[in-house]
Amino acid sequence: MRSVRKRLSSRQHNCNSGAEMTEKLPPVRVRFAPSPTGRTHLGSGRTALYNYLLARQTGGQFLLRIEDTDQKRYVPEAEQELIDSLHWLGLQWDEGPDVGGPYGPYRQSDRKEIYLEYAKQLIEKDKAYYCFCTPERLAHLREQQMQAKQPTMYDGLCRKLTLEEALRRVKQGEPHVIRFKTPKEGTITIRDYLRGEITVENRTIDDYILVKSDGWALYHLAAMVDDQLMRITHVLRSSEWLSTFPLHAHIIRAFGWQEPVFVHLSVFLKPSGKGKMSKRESAQLLQDGYSIFIKDLEQLGYLPEAVVNWIALMGWSYDDKTEFFTMQDLIEKFSLDHLNPSPAAINFTKFDHFNGLHIRHLTVEDLARRVKPFLLKAGLKVEDQKLLQIVPIIQERLVTLDDAVEMAGFFFRDKLEYEPALLVGKNLSTRESFKALQESHQLLSGADFDDKETLEISLRSLAERMGLKAGQLFGILRIAVTGRSVSPPLIESMLILGKERVLERVQAAIIRLNEIL
RNA sequence: GCCCCCAUCGUCUAGGGGACCAGGACGCAGCCCUUUCAAGGCUAAAACGGGGGUUCGAAUCCCCCUGGGGGCACCA
């Protein structure tokens with residue numbers, strides 16, 4: 001059963017007399033807390049999006065918190081890419097490292113002392129302890145446990161130390177970490193919004209390290225402290241965190257804090273549905289014109305609107321038919337209650353469909369504005385006035401913005417390149433095709449290029465007079481005028497191109513065909 | 001190996017015990033429209049992983065199996 005509403009209603013049935021309704025939440029405080037260690041991908045984008053939607057819908061706040069406590073893995077470019085990606089998607093945060101806010105700093109590397117302070121509180125409460133075991137001993141221990149087919153966890157050696165003894169060794173400068181003192185008996189019951197209650201035996205939860213020997217806190221401590229201090233009400237995060245969720249609950253309870261609502265979002269699987277995306281597969285994807293990295297998508301000619309619509313629907317649905325959503329629609333309609341806990345395979349073909357859909361929803365001016373950089377990048381000399389005329393005839397044919405280069409490039413090129421043999425019409429001889437071009441040129445020279453209907457009628461009657469099908473004639477002219485066997489509608493293209501250039505091109509075609517006659 | 005989560009067409013999904021010989025979308029196939037390609041319209045093929053329960057009745061609730069996924073760091 002995938003619907004969460006059902007779980008909730010059965011749970012709340014007793015106190016609710018069964019009158020279950022989807023109600024709007026009071027204002028939430030939510031956060032997106034990425035670690036700038038690599039490129040920003042679709043999964044992060046979706047997590048950020050859902051958080052953002054919830055904040056906007058309820059009139060709450062959306063915060064950006066940078067989780068950079070691990071200096072070894074920090075990549076400066078990653079943070080810039082992250083920010084660019086979120087902006088491109090249209091997500092703005094209310095509080096964050098760049099915009100500030102009342103609960104800062106929003107960069108964990110600026111909060112080192114805070115975490116240390118809270119770690120010490122836990123030690124005082126006997127909920128954490130100093131551990132002096134070396135990484136070597138730990139690695140060795142793990143190896144032994146693996147071999148013995150035992151669960152791999154800390155054996156609790158330093159847990160037995162008295163606080164006095166530990167403090168003495170700390171004072172002597174002995175390297176140490178701080179570990180959480182997980183209860184070893186009983187169970188803990190935690191609640192994930194999508195999955196309901198999960199009960200775990202405490203003995204399966206490790207004494208995780210909270211503070212490393214270099215004094216930096218690990219995620220488990222830092223994130224819990226920050227969420228509390230920043231007054232976070234709902235934590236929407238990747239389900240990769242589900243396995244450490246019991247630990248997190250223990251930490252929160254050890255402080256005596258109230259737990260935010262936890263929502264663990266399903267992960268994205270690679271298109272085959274077998275496992276997460278790997279480096280190698282990402283490279284292959286790019287070859288095919290796709291990418292899981294948001295920044296790449298922009299360059300490949302995808303619309304942020306389409307990305308948002310697409311990823312919103314991977315793991316969430318509104319009803320049994322609506323599929324087109326703008327950001328505004330999503331803000332209004334998004335609900336935690338229609339989230340799907342099972343993993344979803346990424347489907348780029350569907351993404352293409354959404355991109356086309358959103359392209360078709362753009363105004364002509366907007367689409368022209370967005371297509372232009374792609375044409376320029378291809379080295380085309382774009383005239384704005386002409387582009388505005390072209391856009392309506394290519395709009396419904398574009399899958400990505402980049403497609404415009406192939407589709408409309410002929411409007412902006414001086415010379416067309418194509419195989420002369422293409423000028424031979426379907427089921428026609430070279431001579432017949434040559435004749436058709438000559439006749440066309442003559443007709444076009446005297447034609448009026450202001451009216452589509454008239455021009456089309458004249459060309460059709462020319463075809464008829466020559467005993468050709470309209471399609472045969474149009475096919476030849478299409479090559480002559482656009483250089484392609486597939487193009488936007490021919491007559492409209494000719495009108496936009498203008499009489500002079502059309503005649504030039506037909507003339508050039510006659511010459512070329514003459515060469516292979 | 002250990003722990004946890006998940007399970008409806010190929011894929012994304014609808015499904016709140018009877019309204020379901022399971023609905024929508026992408027893709028695929030066919031047809032219509034048509035100067036090519038699209039877009040649009042119509043039609044088709046396509047799923048409740050298996051086994052046990054509970055119930056008058058199960059895609060829906062429970063258990064087991066199987067399959068899939070995630071985690072098991074002085075990463076996040």
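How many nonpolar, polar and charged residues does the surface near RNA strand B have? The model is predicted. In it, that surface has 27 charged residues, 25 nonpolar ones and 20 polar ones.

Start with the RNA. Strand B is surrounded by 72 residues. The closest are Arg73, Glu396, Arg397, Arg460 and Arg478. Look next at the strand's own side of the interface. Of its atoms within 4 Å of the protein, 68% belong to sugar or phosphate, and the rest to bases.

Three backbone contacts sample these parts of the strand. A phosphate oxygen of RNA strand B sits 2.7 Å from a polar backbone atom of Gly315. At Asp320, a polar backbone atom is 3.4 Å from a sugar or linking oxygen of the strand. Ser487 meets a base instead: one of its polar backbone atoms is 2.6 Å from a base nitrogen of RNA strand B.

Now turn to the elements behind the surface. Several helices each supply at least two of its residues, including α1 (4-16), α5 (135-147), α13 (348-361), α19 (470-482) and α20 (490-497). The strand β11 (344-345) does so as well. So does α7 (219-229).

Follow α7 inward. This helix is mostly covered, with nine of its eleven residues buried. The buried residues are Tyr219, His220, Leu221, Ala222, Ala223, Met224, Val225, Asp226 and Asp227. Their cover includes the helices α4 (112-124) and α8 (245-255). It also includes the strands β1 (29-32), β7 (209-211), β8 (234-238) and β9 (261-265). Just after α7 comes Arg231, with a positive phi of about 60°.

Terms used: Residues numbered from 1 in each chain as written. Chains lettered and ligands numbered in written order. Predicted model: local features only at pLDDT ≥ 70, side-chain atom pairs only at ≥ 80, totals over all residues. Heavy atoms only, no water. Near = heavy atom within 4 Å. Polar contact = N/O pair within 3.5 Å; in protein donor to acceptor, adjacent residues only side chain to side chain. Helix = DSSP H or I, 4+ residues; strand = E, 2+ residues; numbered from the N terminus. Nonpolar A, V, L, I, M, F, W, Y, C, P; charged D, E, K, R; others polar. Buried < 20%, exposed > 50% of the residue type's maximum accessible area, 1.4 Å probe, protein only. Contact = heavy atoms within 4.5 Å.
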